[in-house]
Amino acid sequence: MKNMVLLMNLLLAVAWGAVTGSFTPLNLIFGFILASIALYLIREQIASREYFQKAGKVAILAGSFFLELVISSWRVLMIVIRPKINLRPGIIAVPLTVTEDYEITMLANMVTLTPGTLSVDVSEDRKVLFVHCLDVPDPDEQIDSIKNGFERQIMEAFR
C-alpha cells in the first residue's frame with residue numbers, strides 16, 4: 001500500500017506541474033509536498049478498497065442526477081407546450097433519513113436544480129425537507145422517488 005501512496009503522491013506532483021505550467025525541480029518538490037499533505041488528510045479513505053468503491057458510487061450519483069435533469073427538463077417542456085395546462089402544484093414533506101448537514105444540503109440542492117421541484121425549507125429538527133413541486137398528482141410517489149433516488153444514493157456514496 002505504501003508504494004501505491006507514493007505513486008499517487010508522484011502523480012499528484014506531476015499534475016501540479018501540469019496545472020501550474022512549470023516543471024522546474026523546485027515547483028515539483030512543492031507539488032510533492034502539497035500532494036503529501038493532501039494524501040495525509042484523506043489517509044483513512046485511501047487506506048482501503050472502500051475509497052474506490054465510494055468513488056464509483058459518487059459517479060453513479062452524478063450520472064443519476066444528470067439523467068433526472070434530462071427527464072425532468074423534458075417533463076417541464078411537455079407541461080409548458082401543452083395548449084391547456086392542467087397542473088396540481090403542491091408542497092410535499094419528505095421525511096429525511098440523511099442526518100449530516102452536507103447530506104441535507106446536497107439533497108436539497110439536487111432537488112432544487114431538478115426542473116419542476118424546489119426545496120423550500122428544512123424543519124427545525126432537520127428531519128423533514130419541504131419541496132414545492134410544479135405538478136404532483138401523487139405526493140407519496142414523489143416522496144418515494146426522492147427518498148429511493150437521490151437520498152439513497154447520497155447515503156451510499158458518502159457514508
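Two strands count as paired if DSSP finds at least two bridges between them. Keep that cut-off handy for the first exercise; the model here is a predicted one.

**Exercise 1.** Work out which strands pair with β3, and in what sense.

*Solution.* Start with β2 (residues 117-122): five bridges join this strand to β3, and the two run antiparallel. Since the cut-off is at least two bridges, they pair. Next take β1, which pairs with β3 over six bridges, again antiparallel. For the register, look at H132 in β3: I91 stands opposite this residue, and so does L118. Finally, follow the chain from β2 to β3: they form a hairpin with five residues between them, and R126 in the turn has a positive phi of about 60°.

**Exercise 2.** Sort the side chains of β3 by face, then find where the buried ones lead.

*Solution.* In a regular strand, side chains alternate between the two faces of the sheet. In β3, L129, V131 and C133 point to one face and are buried, while V128, F130 and H132 point to the other and are not. Now turn to the largest nonpolar core, with 19 residues: L129 and V131 are among those touching the most other members, as are I92, V94, L107 and I146. Its largest share, five residues, comes from α5. I92 has contacts beyond its sequence neighbours that include L129, V131, C133 and I146.

**Exercise 3.** Decide whether Q153 is buried or exposed, and find its side-chain polar partner.

*Solution.* Q153 sits in helix α6 (residues 139-158). Its relative accessibility is 10%, so it counts as buried. Its side chain makes a polar contact with the side chain of S64 at 3.0 Å. Beyond four places in sequence, Q153 also touches I60 and L61.

Note on methods:
Residues are numbered from 1 along each chain as its sequence is written. This is a predicted model: local features need pLDDT of at least 70, side-chain atom pairs count only at pLDDT 80 or more; totals for chains, interfaces and linings use all residues. Side-chain values use heavy atoms; hydrogens and water are left out. Helices (H or I, at least four residues) and strands (E, at least two) are DSSP runs, numbered from the N terminus. Buried means under 20% relative accessible area, exposed over 50%, partly exposed in between (1.4 Å probe, protein chains only). A polar contact is a pair of N or O atoms within 3.5 Å; within protein, one must be able to donate a hydrogen and the other to accept it, and residues adjacent in sequence count only if both atoms are side-chain atoms. Contact means heavy atoms within 4.5 Å. A nonpolar core is a set of buried Ala, Val, Leu, Ile, Met, Phe, Trp, Tyr and Cys residues joined through side-chain atoms within 4.5 Å.
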